[in-house]
Amino acid sequence: DAFGNFEANPVIVSSESSGKVLQLNVEKGQKIDEGFLAAVIDSTQLHLKLKQLEAQQDAVQSKRQSIRAQVDVLKQQKKNLLDDKKRVEDMLKDGAATKKQLDDITGRIAVIDRQIESTQTQFTAVNSELNVLKTQAASTKDLFDRCTVESPANGTVLETYIEQGELAGPGKPLFKVANLDNLILKVYVSGAQLPNVKIGQEVEVWVDKNAEENQSFTGEVIWISSEAEFTPKIIQTKEERVKLVYAVKVKVQNDGTLKIGMPGEI
């Protein structure tokens, strides 16, 4: 046999953003499900930042449209010059035009080509600016989403560390939740008992029902310490305190009788 106390595997849920707690929907002892909206933190500034970034993106998109319109105008001018060039070439064959007229049109076409290339290079700068704004918007949206705090698991709220209206900050604990459907009985066995204990082994767990009777549960060994340690202080006799023991964790299904900190033995 071995003696110990029941414990749970609690999760401390912390804030990931800073701001005033507008809603706190949990209280000690409350049962909540995974995904339950536990708290809402003020996100006004992030919302306004998103609106600003959206407006900046619209402005950059307008720049792209303006550049595209300039390129279209230049391409049309080039098309007109190419038509003029063809007519001059035909006239030149008939002696109705001069070589200089053809050279002038060819030169004007070359200038148009350079203007088109120069205008199109502006797309690179505008696209880079747009990508920066999109990245900033995605980052701000992520921070905005973190202003709503959801429960990471089903369980019972054990503690709350903040009140509605108080300021939260990144990493500040908001509440602690644990699943009490299964509790862990952490007991200590001697080196002589250790060979008889195995992972997955079924054991009988006893807790006090009243002053004279015990209540029995079925437990499963889920963890055995690989290192010995001195018997914890909860074992009161001196003979027991000086012994080296091994910690063992036993998972026990809880019907509501078991409580965190309650003593038990296997």
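Contact here means heavy atoms within 4.5 Å. The exercises below use a predicted model.

**Exercise 1. Judge the confidence of the model, and find where it is lowest and highest.**

Solution.
- Step 1: The protein has a mean pLDDT of 91, and 95% of its residues reach 70 or more.
- Step 2: Confidence is lowest in helix α4, residues 238-241, with a mean of 60.
- Step 3: Strand β5, residues 37-41, has the highest confidence, at 97.

**Exercise 2. Place T140, decide whether T140 is buried or exposed, and list its contacts beyond four places in sequence.**

Solution.
- Step 1: T140 belongs to helix α3, which runs over residues 122-145.
- Step 2: The relative accessibility of T140 is 8%. Buried means under 20%, so T140 counts as buried.
- Step 3: With neighbours within four places in sequence set aside, T140 contacts L46, K49, L50 and L53.
- Step 4: Two of these contacts, L46 and L50, are in turn listed among the buried residues of α1.

**Exercise 3. Compare the spans of α1 and α3 with the expected values, and state what their buried residues pack against.**

Solution.
- Step 1: α1 has 50 residues and spans 74 Å between its first and last C-alpha, close to the expected 74 Å.
- Step 2: α3, with 24 residues, reaches 35 Å, close to the expected 34 Å.
- Step 3: The buried residues of α1 include L46, L53, Q57, I67, L81 and V88. In α3, the buried residues are F123, V126, L130, L133, A137 and T140.
- Step 4: α2 and α3 are what the buried residues of α1 pack against. The cover over the buried residues of α3 includes α1 (44-93) and α2 (99-120).
- Step 5: After α1 comes G95, with a positive phi near 80°.

**Exercise 4. Describe the largest nonpolar core and name the strands that supply it.**

Solution.
- Step 1: This core has 19 residues, and F6, V205, V248, V250, V252 and L258 touch the most other members.
- Step 2: At least two residues of the core come from each of β10 (182-190), β11 (202-208), β12 (214-224) and β14 (244-253).
- Step 3: β10 contributes the most, with 4 residues.
- Step 4: A second, separate core has 18 residues, among them V71, L74, L133 and A137.
- Step 5: V71 and L74 are buried residues of α1, while L133 and A137 are buried residues of α3.

**Exercise 5. Work out the surroundings of K186 and V248.**

Solution.
- Step 1: K186 sits in strand β10. K186 is partly exposed because its relative accessible area is 24%, and buried would require under 20%.
- Step 2: K186 and V248 are 62 residues apart along the chain, yet their C-alpha atoms are separated by 5.7 Å.
- Step 3: Beyond four places in sequence, K186 contacts F3, G4, N5, E7, A247, V248 and K249.
- Step 4: Under the same exclusion, V248 touches L185, K186, V187, V189, V197, V221, W223 and I224.
- Step 5: K249 lies over the face of W223, at 5.1 Å from the ring centre. There are 0 aromatic pairs in the structure.

**Exercise 6. Locate A8, decide whether A8 is buried or exposed, and identify its contacts.**

Solution.
- Step 1: A8 is in the loop between β1 (3-7) and β2 (11-14).
- Step 2: A8 counts as buried because its relative accessibility is 12%.
- Step 3: Apart from neighbours within four places in sequence, A8 contacts A178, L180, L183 and I260.
- Step 4: A8 and D255 are 247 residues apart along the chain, and 14 Å separates their C-alpha atoms.

Notes
Residues numbered from 1 in each chain as written. Predicted model: local features only at pLDDT ≥ 70, side-chain atom pairs only at ≥ 80, totals over all residues. Heavy atoms only, no water. Core = buried A, V, L, I, M, F, W, Y, C linked by side-chain atoms within 4.5 Å. Buried < 20%, exposed > 50% of the residue type's maximum accessible area, 1.4 Å probe, protein only. Phe/Tyr/Trp six-rings, centres within 6.5 Å; stacked < 30°, edge-to-face > 60°. Lys NZ or Arg CZ within 6 Å of the ring centre and 35° of its normal. pLDDT = per-residue confidence, 0-100. Expected span 1.5 Å × (residues − 1).
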